[in-house]
Amino acid sequence: MTLSLEVLSESDLREAIGLLVRLIELAGALIIFVGAVWAFVQFLTVGWRERGRAQGFNRIRLRLGRFLVLGLEFQLAGDVLRTAVAPSFTDIGQLAAIAAIRTALNYFLGREIAQERDEIEYGGKRQPAAAPAP
C-alpha cells in the first residue's frame, strides 16, 4: 500500500509559482523605481544647494547603485524561481544566460560602488596598500 499525498497538482503549483515570480519581479522593479526617483530628487536638491560639487553627486550615484544591485538581485531570484518546476533545457539555458548577464552587471556595479565609496571616504585619494602578510 502506497501513501500518496498531493497537496497541489503540477498545474496549480505552476500557477502559484507564477504568482510568486510576478510578485518578486514587481518588488525588484519597485526597488529600482524608488531608487531612481530618490536619486533624481537628490540630484535636483544637491544641484540646487551645492551648485554641482562632485562629492554630493558621488553619494547619489553610490546610493542609486545600491538600489540597482538590490533590484537586480530580486529580478534574478524571480528568474531562478520561474525554473523551479520541471524546467526544460531551453529554460535552463535562458536562466544561465540571464544569470550570467545579471551577475556581470552586479559585479561591475559592486566594483563601482566600492570605488565611489573609497573616493568619498578618502577624498579622492587612494587608500594605501596593505602590507603583505608574513
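Let's start with the greasy side of the surface: Phe33, Val34, Val37, Phe40, Val41, Phe43 and Leu44 come together there as a nonpolar patch, and their combined accessible area is about 660 Å². Keep in mind that this is a predicted model.

Two members of the patch are worth a closer look. Leu44 sits in helix 1, which covers residues 10-50. Its relative accessible area is 45%, so Leu44 counts as partly exposed. Phe43 belongs to the patch too, and it turns up again when we look at aromatic rings.

How many aromatic pairs does the structure hold? There are 3 of them. In one, the ring centres of Phe43 and Phe57 are 5.5 Å apart with the planes at 45 degrees, so this pair is tilted. Phe43 is in helix 1 while Phe57 is in helix 2 (residues 54-82), so the pair ties together parts that lie 14 residues apart in sequence. Another pair joins Tyr107 and Phe108: the ring centres are 5.1 Å apart and the planes stand at 75 degrees, which makes it edge-to-face because angles over 60 degrees get that label.

So how open to the outside are the residues of these two pairs? Here are the values:

| Residue | Relative accessible area | Class |
|---|---|---|
| Phe43 | 43% | partly exposed |
| Phe57 | 21% | partly exposed |
| Tyr107 | 49% | partly exposed |
| Phe108 | 48% | partly exposed |

Why does Phe57 count as partly exposed rather than buried? Buried means under 20%, and Phe57 has 21%, so it falls in the partly exposed class.

Conventions
Residues are numbered from 1 along each chain as its sequence is written. This is a predicted model: local features need pLDDT of at least 70, side-chain atom pairs count only at pLDDT 80 or more; totals for chains, interfaces and linings use all residues. Side-chain values use heavy atoms; hydrogens and water are left out. Patches are made of residues with over 30% relative accessible area and no salt bridge: like charges are joined within 9 Å, nonpolar side chains (Val, Leu, Ile, Met, Phe, Trp, Tyr) within 5 Å. Accessible areas come from the Shrake-Rupley method with a 1.4 Å probe; for residues, only the protein chains shown count as cover. A salt bridge is a side-chain nitrogen of Lys or Arg within 4 Å of a carboxyl oxygen of Asp or Glu. Helices (H or I, at least four residues) and strands (E, at least two) are DSSP runs, numbered from the N terminus. Buried means under 20% relative accessible area, exposed over 50%, partly exposed in between (1.4 Å probe, protein chains only). Rings of Phe, Tyr and Trp (its six-membered ring) pair if their centres lie within 6.5 Å; planes under 30 degrees apart count as stacked, over 60 as edge-to-face and the rest as tilted.
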